[in-house]
Amino acid sequence: METLEQLKARLETAIPNAKIEIVPNPSPVNQPSLLLDTESARAIAHFLRDDPQLRLDYCSNVTGVDWLKAGYLEAVYHLYSVALKHGPVILRMRTGNRADRVYLPSLTPVWRSCEFQEREVYDLYGIVFQGHPDLRRILMWDEFVDYPMRKDYVEPDDYEYDPTPHDDALEKARKHYPQAPAPLQTEAAQ
Amino acid sequence: MIDASLRQEMARQGVVTTTVQELYNWGRKNSVWPLQFGLACCAIEMIAASMARFDIARFGAEVFRPSPRQADLMIVAGTVTKKMAPQVVRLYNQMPEPKYIIAMGACAISGGPFRAGYNVLKGIDRYLPVDVHIPGCPPRPEALLEALMALQKKIDAQPLTGPDRPRHLDANAPGEYLVPECGEHDLVPSSNSQLWQPPVLVRGE
Amino acid sequence: MIAIDNDTEVKQELLEVSMGPHHPSTHGVFRMNVLLDGETVVKLKPVFGYLHRNHEKIAETNSYLASIPYTDRLDYICAMTNNWAYTLSVEKLAGIAVPPRAEYIRVIVSELTRLINHSCLAGFLLQDMGALGTPLMYAFREREKILDLFEALTGSRMMHNFMRFGGCRCDLPPGWVDGAKTIVAHFGPFLDEFEALLTGNEILRARTEGVGVLSGALAVSAGVTGPMLRASGVNYDIRKVDAYGAYGKFAFRVPLGQRGDVFDRYMVRILEMRESLKILEQALRELPDGPVIDPKAKLRNLRPKPGEAYGRIESPKGELGFYLISDGGPTPYRFRVRPPSLINVTILEDLCLGHSVADVVVILGSVDIVLGEVDR
């Protein structure tokens, strides 16, 4: 299979307005990814699926990532080819911010396997995929309002103690049990 | 109570004596029908307990009923999540008395390894009265059989009259338990305060 | 409302039924909202999340080593393959090498797990069809023998927690290889007995042939993997494509189906069990000596350099992958499980449309889902 630089060059000639960046991956596994812009993502996806040299017909994994410090949410797609048995080609798309500009184009019309996975990213991260046929919560119940996998999610205060408390659980217990009880008197001390 | 030697003499002559309570409880404890209700990994060990090697049929409990209307025992096997908790309580309410619960596995007792999860209910005893707890992750099928035997001992000891009598013989006992609702952030209410209070911490500083 | 008058038309309504989350089919807390026209399915929406146990969020506060027992509980019938997928991903992320003996042991326990999974699936599928318990008894009998081996090796029947980054936790106890060889020798006749009872059975054939047909093109587009994909005629087995671990050294075939119906999925799994037996025979014969893990391997406080990795294996259910993002700290920044069961369920509606309610249960049984993996 061709390298990511060659792929990027071909994509830029095929889709003229595409703004693609290569995101390097310093780990030993050699899986760098392509950062796409939201306007041309659908066209790029169609190209990757239909190009006879690539035939990336199988979208294996859709992941949501919350980059709290950088201030955006991200969706990562891992693509493989069943026909030509190569891969992975990794795509990334980033939202504008984490509050109101959380829209990304859905790639479900290109690969059907994104359907449930994009719903899960919406449910747990809050990224709204435009063009998804049925975007609603999938793992949490419908009345739930938070996005639990975000880094700044605060869990509900639903347990007051822990049998073997670590630091956070000890803090929580101190809030509910402010008075430390008197130490037990042994018979020898009395 | 009848004198033991008199009992033995009569038994030698072919006359069996017992009390109504013993007979009643003997019949009940040896045909406890569980509800076919596996939630997670512990369900596989529960199924293994009903298979040929461990054989729960010896205890009269092989008939796993899918319908709660026909079951006596609910083995909560696996993690109860907040999304599933209303369903579990509703199923328990639909079971006719006398009914029992075994909380199988660490997740059903207290949330288990997933205690820190936002969607995990930290123990089914927050909403339902549990009779026997089995620790383990997952507990071996032998542990489930031990729990069943402990439940049988408990049923055997239940008197028919008096203040300790079980719920199904007491007209004032609650028939149904509170079904929680899925709220915006958590279950509403987060536990049934009549059934469960957070335990008292006694710890020296 | 049905009027008895001959001139008036019979009014019909579509009936919405919620099948689950508590139902007699033993696949866990899975719910399907089915819209029925009489007995025919018009619409089907799966609802899950009833076992969403927050593996991904908990893993963000756990060290890499502490997440290994949690992976056991994803697809709880196949704990060994879950461990392998995770340790493979971490080894890719951190660049850790695995000694050959450990690779062979990993292959052996994974293929034994595949035997457990496929035989239990055949038992559960037949139970859904009405053979209440008997094929499942046979399958669980074989499972108990294999679980005895796993207990001797790891100490636990189900949640093995066996693999580590760079190898396995401990070496095989004495006599284990002979025990495994005995099981492999007896599994072939067991499969013959199992098939003699089931494969030619007319009820099985009538209920599974032509039911739930999945075309190869839809399967690939929907991301379906594993025996379900191969039953639709698509030749994609990650053991052959990626040749991870020691799989490149073994000779085995990949069974493919022709029509993609429930019967093909059942038969592909039976044939895969026979191929697993071949792999096991070769691996047990050629098991090399040596260490099972590098003694200086860093397990506790492993801090891989910042980066990301996606590692995948062919688990008995399909492609199980782990996508890990490391920020240089002791805990992963993002821990993502690519669940084969969830993605295989994407096309459940397409498979069930036009079939009757009874077929829905059979089709769901053939998809082979485990809710621990679907919901994580």
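## Around L104(A)

Leaving aside its neighbours within four places in sequence, which residues is L104(A) in contact with? In this predicted model, the list runs T38(A), A75(A), M93(A), T95(A), I127(A) and F129(A). L104(A) itself belongs to strand β6 of chain A, which covers residues 103-105.

Is L104(A) buried or exposed? It is buried, because 25 other C-beta atoms lie within 10 Å and 20 or more is the mark for that class. One of its contacts, I127(A), sits 23 residues away along the chain, yet the two C-alpha atoms are separated by 7.0 Å.

## The open sheet of chain A

Chain A has an open sheet of five strands, and reading across it you meet β1-β2-β5-β4-β3, with mixed pairing. The edges are taken by β1 (21-23) and β3 (58-67), each of which pairs on one side only. On average, and with direction ignored, neighbouring strands here are turned by 30 degrees against each other.

Look at β2 (residues 33-36) and β5 (residues 86-94) of chain A: they run parallel and are joined by four bridges. Within that part of the sheet, R92(A) in β5(A) is the residue that stands opposite L35(A).

## Where chain C meets chain A

How many residues of chain C are in contact with chain A? There are 32, and they touch 27 residues of chain A. On the chain C side, the elements that give two or more residues are the helices α1 (55-59), α3 (79-94), α8 (216-221) and α12 (340-344), plus the strands β6 (307-315), β7 (318-326) and β8 (334-338). Sorted by class, this side of chain C has 14 nonpolar, eight polar and ten charged residues.

Two of those contributors, β6(C) and β7(C), also go together as a pair: they run antiparallel, with nine bridges between them. A hairpin of two residues links β6(C) to β7(C), and E308(C) stands opposite I325(C) in β7(C). As for burial, nine of the nine residues of β6(C) are buried. G307(C), A309(C), G311(C), I313(C) and S315(C) point one way from the strand, while E308(C), Y310(C), R312(C) and E314(C) point the other way, so to speak, and all are buried.

## Two helices and what covers them

Helix α5 of chain C takes in residues 134-154, 21 in total, and reaches 30 Å from its first C-alpha to its last, close to the 30 Å expected at 1.5 Å a residue. Its buried residues include P135(C), Y138(C), F140(C), R143(C), I146(C), F150(C) and L153(C). What do the buried residues of α5(C) pack against? Their partners are α3 (41-49) of chain B together with α4 (100-129) and α6 (176-198) of chain C. After the helix comes G155(C), with a positive phi near 95 degrees.

Over in chain B, helix α4 (residues 85-94) buries A85(B), V88(B), V89(B) and Y92(B). Seen down the axis of α4(B), these residues fall within an arc of 95 degrees, so they line one face of the helix. Among what covers them are β2 (73-77) and β6 (187-188) of chain B.

## Backbone oddities

Most peptide bonds are trans, and most residues other than glycine have a negative phi. Here are some exceptions to look up. In chain B, a cis peptide bond joins E97(B) and P98(B), with omega about -5 degrees; P98(B) lies in the loop between α4 and β3 (100-104). Another cis bond joins V188(B) and P189(B), again with omega about -5 degrees, and P189(B) is in the segment after β6 of chain B.

Then there is positive phi outside glycine. K85(A) has a phi near 55 degrees and sits in the loop between β4 (72-81) and β5 of chain A. K85(A) counts as partly exposed, because 14 other C-beta atoms lie within 10 Å. A243(C), also not a glycine, has a positive phi of about 50 degrees. Its place is the loop between α10 (238-241) and α11 (262-285) of chain C, and A243(C) is exposed, with 12 other C-beta atoms within 10 Å.

Definitions and conventions:
Residues numbered from 1 in each chain as written. Chains lettered and ligands numbered in written order. Predicted model: local features only at pLDDT ≥ 70, side-chain atom pairs only at ≥ 80, totals over all residues. Pairing = 2+ DSSP bridges. Axes fitted to C-alpha atoms, helices over the stretch in contact; angles between N-to-C directions. Contact = placed C-beta atoms within 7 Å. Nonpolar A, V, L, I, M, F, W, Y, C, P; charged D, E, K, R; others polar. Expected span 1.5 Å × (residues − 1). Arc of directions from axis to C-beta.
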